[in-house]
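The following exercises are to be worked with the sequence and the coordinates at hand. Each task is followed by a solution in steps.

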Amino acid sequence: MTGWVWDDGTVAEGDELAVADRPDQVGADVASWPTGRLLSVAARVVEKRFEDFLATRGLTHAGMITLHHLAEGPRSQRELAVLSRVTDQTMSRTIEHLDRGGHVVRSQDPKDRRRTSVKITPAGRRALAAARREERESDTLLGAVEDYDHFRRQLIALIAAATSTRD
């Protein structure tokens, strides 16, 4: 049988996100899963929990990525879109949401009035710091990992290897 079997006997075929809501009911067979499935399920569970955490603060994952890029200083909307690998239109909506929440401020670029400059606010810095702390320390996110820095390096190496061009 594939899928999750909960304590109440129900089966959730391919519903890895359900683990985030019912972690106490994950079967003992998890240790037997292939590594690819473990990685996929872990990614989805952590992503859902992090999204839930961000939502309690009026933020989205896209907003956190944007705040991350603004931590070093103001940037244009275009720069943020390129760094975040999204369209200008998507970044515009993200910035609008962050602006309404008080996490960023927008202004005309004094050197080029056609450009919008975006700057992180103190509230945005606090939100970014809280998200980074939650990610690293929460035992429902990545705080459960024994060596966070090593785990992070391993993920970076895995992504680099999986996305490199093969000759």
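**Exercise 1. Overall architecture**

Determine the order of the secondary-structure elements in the protein chain, and characterise the chain by burial and contact range.

Solution. The model under study is a predicted one. Read from the N terminus, the order of elements is β-β-α-α-α-β-α-α-β-β-α-α. This amounts to seven helices and five strands. Next, burial: the protein chain has 167 residues, of which 29% count as buried. Finally, contact range: among contacts with a separation of 6 or more, 43% are between residues 24 or more positions apart.

**Exercise 2. Packing of two helices**

Describe how helix α3 packs against helix α4, and classify the residues in the contact.

Solution. Two quantities are required, because two packed helices are described by the angle between their axes and the distance between the axes. For α3 (residues 61-70) and α4 (residues 77-84), the angle is about 115° and the axes are 10 Å apart. The crossing of α3 past α4 is right-handed. On the α3 side, the residues in contact are I65, T66, H69 and L70; on the α4 side they are L80, L83 and S84. Sorted by class, this contact comprises four nonpolar residues, three polar residues and no charged ones.

**Exercise 3. Aromatic rings and a charge over a ring**

Locate the aromatic pair in the structure, give its geometry, and decide whether F50 is buried or exposed.

Solution. A search of the whole structure yields one aromatic pair. A pair of aromatic rings is described by the distance of the centres and the angle of the planes. For F50 and F53 these are 6.2 Å centre to centre and 10° between the planes, and the pair is stacked. Both residues belong to helix α2 (residues 35-55), where they are three residues apart, about one turn of the helix. Burial is then tested against the cut-off of 20% relative accessible area. F50 is buried because its relative accessibility is 12%; F53, at 10%, is likewise buried. A further ring is that of W33: the charged end of R37 sits over it, 3.9 Å from its centre.

**Exercise 4. Helix α2 and a distant residue**

How far from L141 in space are V45 and R49, C-alpha to C-alpha?

Solution. V45 is located in helix α2 and is buried, since its relative accessible area is 10%. Its C-alpha atom is 8.4 Å from that of L141, although 96 residues separate the two in sequence. R49 also lies in helix α2; with a relative accessible area of 18%, R49 is therefore buried. The C-alpha atoms of R49 and L141 are 6.9 Å apart, for a sequence separation of 92 residues.

**Exercise 5. Two loop residues**

Compare the settings of R85 and H103, taking the backbone of R85 into account.

Solution. R85 occupies the loop between α4 and α5 (88-100). Its phi is near 60°, a positive value in a residue other than glycine. Most residues other than glycine have a negative phi. R85 is exposed because its relative accessibility is 78%. H103, in the loop between α5 and β4 (104-109), is buried because its relative accessible area is 8%. Beyond its neighbours within four places in sequence, H103 has contacts that include R57, L59, L67, L98, K119 and I120. T121, A123, G124 and A127 are also among the residues it contacts.

Technical notes. Residues are numbered from 1 along each chain as its sequence is written. This is a predicted model: local features need pLDDT of at least 70, side-chain atom pairs count only at pLDDT 80 or more; totals for chains, interfaces and linings use all residues. Side-chain values use heavy atoms; hydrogens and water are left out. Axes are lines fitted to C-alpha atoms, for helices over the stretch in contact, and angles run from 0 to 180 degrees between N-to-C directions. Helices (H or I, at least four residues) and strands (E, at least two) are DSSP runs, numbered from the N terminus. A crossing is left-handed if the near helix is turned anticlockwise from the far one by less than a right angle, and right-handed if clockwise. Contact means heavy atoms within 4.5 Å. Ala, Val, Leu, Ile, Met, Phe, Trp, Tyr, Cys and Pro count as nonpolar, Asp, Glu, Lys and Arg as charged, and the others, Gly among them, as polar. Rings of Phe, Tyr and Trp (its six-membered ring) pair if their centres lie within 6.5 Å; planes under 30 degrees apart count as stacked, over 60 as edge-to-face and the rest as tilted. Buried means under 20% relative accessible area, exposed over 50%, partly exposed in between (1.4 Å probe, protein chains only). A charge sits over a ring if NZ of Lys or CZ of Arg is within 6 Å of the ring centre and within 35 degrees of the ring normal.
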